[in-house]
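Work through the exercises below with the sequence and the coordinates open. Each task is followed by a solution in steps.

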Amino acid sequence: MADALITLDNLIGDTSHIICEKSSFTKNGLKIAVWIYYNPNVVQRAPIIVIHGGPAFTHNYLLPLKLLAEFGYPVVFYDQAGCGDSTFVKDPENDAPWLLTIEYYVEELSALIHTFQLYEYYLYASSWGTVVAQEFAVSISSSTDAMLRGLQGLILDGALCDGETYIQTQWRDRIATLPMFTQNLLKKLLNDKAFDSPLYREIDNILTSHFTIRCVPRPDCFLNCLRKMNNAVYREIQGPSEFALSGVLEKWSITDRLWKIKVPTLVMRGEFDTMTEECSQLIVDHISTAWPLVCIPRAGHCKTIDEPHECIREITRFLNNVEGVRNRYKVSEALVSKRSGSFDGSMSPCKIFKRIKAIMPPEEDVDESLPSVVILPQAVLPDIVIADDSRNGEGEMET
């Protein structure tokens with residue numbers, strides 16, 4: 001593979017002032033590599049854990065997100081076990097079969113949260129990572145684990161919640177824009193399973209430049225993923241092609257469980273993303289605390305490379321609004337305690353909200369710059385859970 005003609009710094013500017021600390025932890029006997037980026041010169045906020053796509057495509061293509069450290073958010077990247085700088089598993093089917101299950105990656109994320117003792121955090125998930133993030137967010141809805149319940153918000157980038165909808169809309173809205181000869185040829189190659197043929201590789205490479213990554217030339221952070229990805233894991237979970245699902249994800253759907261997610265959620269798609277508008281909107285429609293769908297102009301699936309600054313702008317707008325509402329809620333909670341003299345810390349956020357409304361200032365005094373979403377405080381703050389420290393040894397940190 002040829003060396004990259006442009007670097008990450010060419011793409012996003014000089015970030016040498018942002019500090020990177022590398023660490024790792026173990027899960028099921030495999031090392032998971034972790035990188036934490038932060039700017040020591042700004043006030044630190046809740047960290048953002050980044051879940052990469054693929055499966056097994058490594059974190060590198062998402063490195064433009066380290067710009068979030070400029071706003072005080074430490075950014076935690078990790079390579080999922082089996083790929084990149086984590087323990088590479090050549091034969092996962094025989095040596096680590098759990099790497100071919102969705103459940104493992106949810107457990108891996110939980111282990112990371114426990115290892116670094118994170119009590120408040122956001123999740124940023126890309127592509128396959130959004131499967132992991134949604135499953136995680138659903139799974140903690142009934143958890144009493146203080147750390148797992150520390151999820152403050154979700155950012156889903158190039159997301160799907162139903163495998164069949166993803167493939168059907170990709171063909172209808174993306175591949176159907178190609179000449180009929182190309183469409184028919186691609187169908188034949190898929191039916192013949194000719195994934196290693198020169199014809200299929202040529203079509204795949206060209207369509208990648210249409211819908212996956214549109215930035216030309218491709219930067220080093222993307223090419224590094226190609227060098228370090230694990231095709232064995234990818235093929236078993238996704239299948240051998242981007243244009244069909246035949247692996248673990250073929251019949252996967254979480255649509256009917258998304259109602260369990262009660263944290264603010266931002267869903268982003270690229271204008272030319274393989275994850276179509278319908279595919280993304282389906283998630284927004286089924287999460288009561290989701291914000292309106294955001295479309296990144298000119299971008300494909302790898303939008304953090306195609307339009308990194310547009311992405312950062314939308315993400316920080318979301319985070320600022322969420323934290324603005326959260327801070328307002330905390331102040332209002334204090335007012336309830338001070339004025340009523342009978343605040344009950346075990347009261348649910350919905351009940352607290354009703355008490356707050358009784359003593360809030362008139363509408364004309366409310367800061368209009370805050371979103372109207374006061375989608376009940378429950379949408380902004382997870383329920384307060386008093387639980388023992390959950391250092392259960394799932395992950396063991398190494399430095």
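The exercises concern a predicted model and deal with helix packing, aromatic pairs, strand pairing and backbone geometry.

**Exercise 1. Classify the packing of helix α3 against helix α4, and state which residues make the contact.**

Step 1. Helix α3 covers residues 102–115 and helix α4 covers residues 128–139. Their axes are 9 Å apart and the packing angle is about 70°.

Step 2. Angles of 65 to 115 degrees count as roughly perpendicular. The two helices α3 and α4 are therefore roughly perpendicular to each other.

Step 3. On the α3 side the contact is made by Ile102, Tyr105, Val106, Leu109, Ser110 and Ile113. On the α4 side it is made by Trp128, Val131, Val132, Glu135, Phe136 and Ser139.

Step 4. By residue class, the contact of α3 with α4 has nine nonpolar, two polar and one charged.

**Exercise 2. Determine the geometry of the aromatic pairs that involve tyrosine 105 with tyrosine 104 and with tryptophan 128.**

Step 1. Over the whole structure, a search finds ten aromatic pairs.

Step 2. For tyrosine 104 and tyrosine 105, the ring centres are 5.0 Å apart and the planes stand at 80°. Planes over 60 degrees apart count as edge-to-face, so this pair is edge-to-face.

Step 3. For tyrosine 105 and tryptophan 128, the ring centres are 5.2 Å apart and the planes stand at 90°, so this pair is edge-to-face.

Step 4. Tyrosine 105 belongs to helix α3 and tryptophan 128 to helix α4, so their pair ties together parts that are 23 residues apart in sequence.

Step 5. Buried means under 20% relative accessible area. Tyrosine 105 has a relative accessible area of 2% and is therefore buried; tryptophan 128, with a value of 2%, is buried. Tyrosine 104 is buried as well.

Step 6. Elsewhere, Phe57, Tyr61 and Phe222 form one aromatic cluster.

**Exercise 3. In which sense does strand β2 pair with β1 and with β4, and over how many bridges?**

Step 1. Strand β1 (residues 19–27) and strand β2 (residues 30–38) are antiparallel, with nine bridges. Within this pairing, threonine 26 has lysine 31 of β2 as its bridge partner.

Step 2. The hairpin of β1 and β2 has two residues between the strands, and asparagine 28 there takes a positive phi near 55°.

Step 3. Strand β2 also pairs with strand β4 (residues 75–78) in the antiparallel sense, over four bridges. Tryptophan 35 has phenylalanine 77 of β4 as its bridge partner.

**Exercise 4. Where are the cis peptide bonds before proline 55 and proline 217 placed?**

Step 1. The bond from glycine 54 to proline 55 is cis, and its omega is near 5°. Proline 55 is in the loop between β3 (48–51) and β4.

Step 2. The bond joining valine 216 and proline 217 is cis, with omega about -10°. Proline 217 is in the loop between α7 (198–212) and α8 (220–228).

**Exercise 5. Threonine 58 and glutamine 117: is each buried or partly exposed?**

Step 1. Threonine 58 is not a glycine, yet its phi is positive, about 75°. Threonine 58 is found in the loop between β3 and β4. Its relative accessibility is 0%, so threonine 58 counts as buried.

Step 2. Glutamine 117 has a positive phi near 50° and lies in the loop between α3 and β5 (121–126). Its relative accessible area is 38%, so glutamine 117 is partly exposed.

Conventions. Residues are numbered from 1 along each chain as its sequence is written. This is a predicted model: local features need pLDDT of at least 70, side-chain atom pairs count only at pLDDT 80 or more; totals for chains, interfaces and linings use all residues. Side-chain values use heavy atoms; hydrogens and water are left out. Axes are lines fitted to C-alpha atoms, for helices over the stretch in contact, and angles run from 0 to 180 degrees between N-to-C directions. Angles under 35 degrees count as roughly parallel, over 145 as roughly antiparallel, 65 to 115 as roughly perpendicular and the rest as oblique. Contact means heavy atoms within 4.5 Å. Ala, Val, Leu, Ile, Met, Phe, Trp, Tyr, Cys and Pro count as nonpolar, Asp, Glu, Lys and Arg as charged, and the others, Gly among them, as polar. Two strands pair if DSSP finds at least two bridges between them. Rings of Phe, Tyr and Trp (its six-membered ring) pair if their centres lie within 6.5 Å; planes under 30 degrees apart count as stacked, over 60 as edge-to-face and the rest as tilted. Buried means under 20% relative accessible area, exposed over 50%, partly exposed in between (1.4 Å probe, protein chains only).
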